[in-house]
Amino acid sequence: LGYTVANDVTARRWQGKKGGGQWVRSKGFDTFLPLGPALALAHTIPNPNNLLLESRLNDVVMQRANTSEMIFSVPELISFLSQG
């Protein structure tokens with residue numbers, strides 16, 4: 001279908017003893033995976049391994065990266081995650 005972006009939020013204080021040693025509790029709260037706001041259709045992105053990604057807060061760039069910097073390629077990640 002296509003691609004979108006998500007922000008994997010973590011409550012660090014719930015990762016250790018307070019969360020029972022389970023990292024999943026620190027990621028499972030409501031609103032902890034902002035997604036979107038758009039879906040780019042796959043045919044509009046010829047190379048998903050060379051996309052600029054930015055996160056902004058009040059128009060200030062807080063993070064900037066490129067998918068070319070990832071350890072695994074986008075197709076490898078999709079294949080792995082699709083295996084269930």
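Biologist: Which element gives the most to the lining of the largest pocket?

Modeller: In this predicted model, α1 gives the most to the lining of the largest pocket, and its share is five residues.

Biologist: Which elements each supply at least two residues of that lining?

Modeller: Besides α1, which covers residues 74–82, there are three strands that each supply at least two residues of the lining, namely β1 at 2–3, β3 at 52–57 and β4 at 60–66.

Biologist: And how many residues line the largest pocket, and which lie nearest its centre?

Modeller: The lining is made of 30 residues, and the ones that lie nearest the centre of the pocket are T4, V5, A6, N7 and L53. The space in this largest pocket comes to about 1,000 Å³.

Biologist: How does the lining divide into nonpolar, polar and charged residues?

Modeller: In the lining of the largest pocket, 19 residues are nonpolar and eight are polar, while three are charged.

Biologist: Let me step back to the chain as a whole. In what order do its elements run?

Modeller: Starting at the N terminus, the order is β-β-β-β-α, which comes to four strands and one helix. The chain has 84 residues, and 13% of them count as buried.

Biologist: What is the mean pLDDT of the chain?

Modeller: The mean pLDDT is 86, and 88% of the residues of the chain reach 70 or more. Among the elements, confidence is highest in β4, with a mean of 96, and lowest in α1, with a mean of 90. As a general caution, predicted coordinates should not be read in detail where pLDDT is low.

Biologist: How do β3 and β4 run, and how many bridges join them?

Modeller: These two strands run antiparallel, and six bridges join them. One of the pairings matches E54 with R64, which is its bridge partner in β4. Together β3 and β4 form a hairpin, and two residues lie between the strands.

Biologist: What is the phi of N58, in the turn of that hairpin?

Modeller: N58 has a positive phi of about 55°, although this residue is not a glycine. D59 also lies in the loop between β3 and β4, and its phi is positive too, near 65°, again in a residue other than glycine.

Biologist: Is N58 buried or exposed, and what about D59?

Modeller: N58 is exposed, because its relative accessible area of 71% is over the 50% cut-off. D59 has a relative accessible area of 70%, so this residue counts as exposed by that cut-off as well.

Biologist: Back to E54, then. Which side chains does E54 meet in a salt bridge?

Modeller: E54 meets R56 in a salt bridge with an N to O distance of 2.8 Å. E54 also forms a salt bridge with R64, where the closest N and O atoms are 2.5 Å apart. That second pair links distant parts of the chain, since R64 is in strand β4 and E54 is in strand β3, ten residues apart.

Biologist: How many salt bridges does the count come to, and which residues are linked in a network?

Modeller: The count comes to two salt bridges, and the residues linked in a network are E54, R56 and R64.

Biologist: Why does E54 count as partly exposed?

Modeller: The relative accessible area of E54 is 31%, so it falls between the 20% limit for buried and the 50% limit for exposed. R56, by contrast, is exposed, with a relative accessible area of 52%, and R64 counts as exposed at 57%.

Biologist: New topic, the prolines. Where is P37 found, and which residue does a cis peptide bond join to P37?

Modeller: P37 is found in the loop between β1 and β2. The cis peptide bond joins P37 to G36, with an omega of about 20°.

Biologist: And where does P48 lie, and is P48 buried or exposed?

Modeller: P48 lies in the loop between β2, at 40–41, and β3. This proline is buried, because its relative accessible area of 11% is under the 20% limit.

Biologist: How far apart are P48 and S68 in space?

Modeller: From C-alpha to C-alpha, P48 and S68 are 8.5 Å apart in space, while in sequence they are 20 residues apart.

How values were computed
Residues are numbered from 1 along each chain as its sequence is written. This is a predicted model: local features need pLDDT of at least 70, side-chain atom pairs count only at pLDDT 80 or more; totals for chains, interfaces and linings use all residues. Side-chain values use heavy atoms; hydrogens and water are left out. On a 1 Å grid over the protein atoms alone, a cavity is a set of points where a 1.4 Å probe fits but cannot get out, and a pocket is an open set with protein on both sides within 12 Å along at least five of seven lines; lining residues have an atom within 4 Å of a point. Grid points are joined across faces, edges and corners, and a volume is the space filled by probe spheres set on the points. Ala, Val, Leu, Ile, Met, Phe, Trp, Tyr, Cys and Pro count as nonpolar, Asp, Glu, Lys and Arg as charged, and the others, Gly among them, as polar. Two strands pair if DSSP finds at least two bridges between them. pLDDT is the predictor's confidence in each residue, from 0 to 100. A salt bridge is a side-chain nitrogen of Lys or Arg within 4 Å of a carboxyl oxygen of Asp or Glu. Buried means under 20% relative accessible area, exposed over 50%, partly exposed in between (1.4 Å probe, protein chains only).
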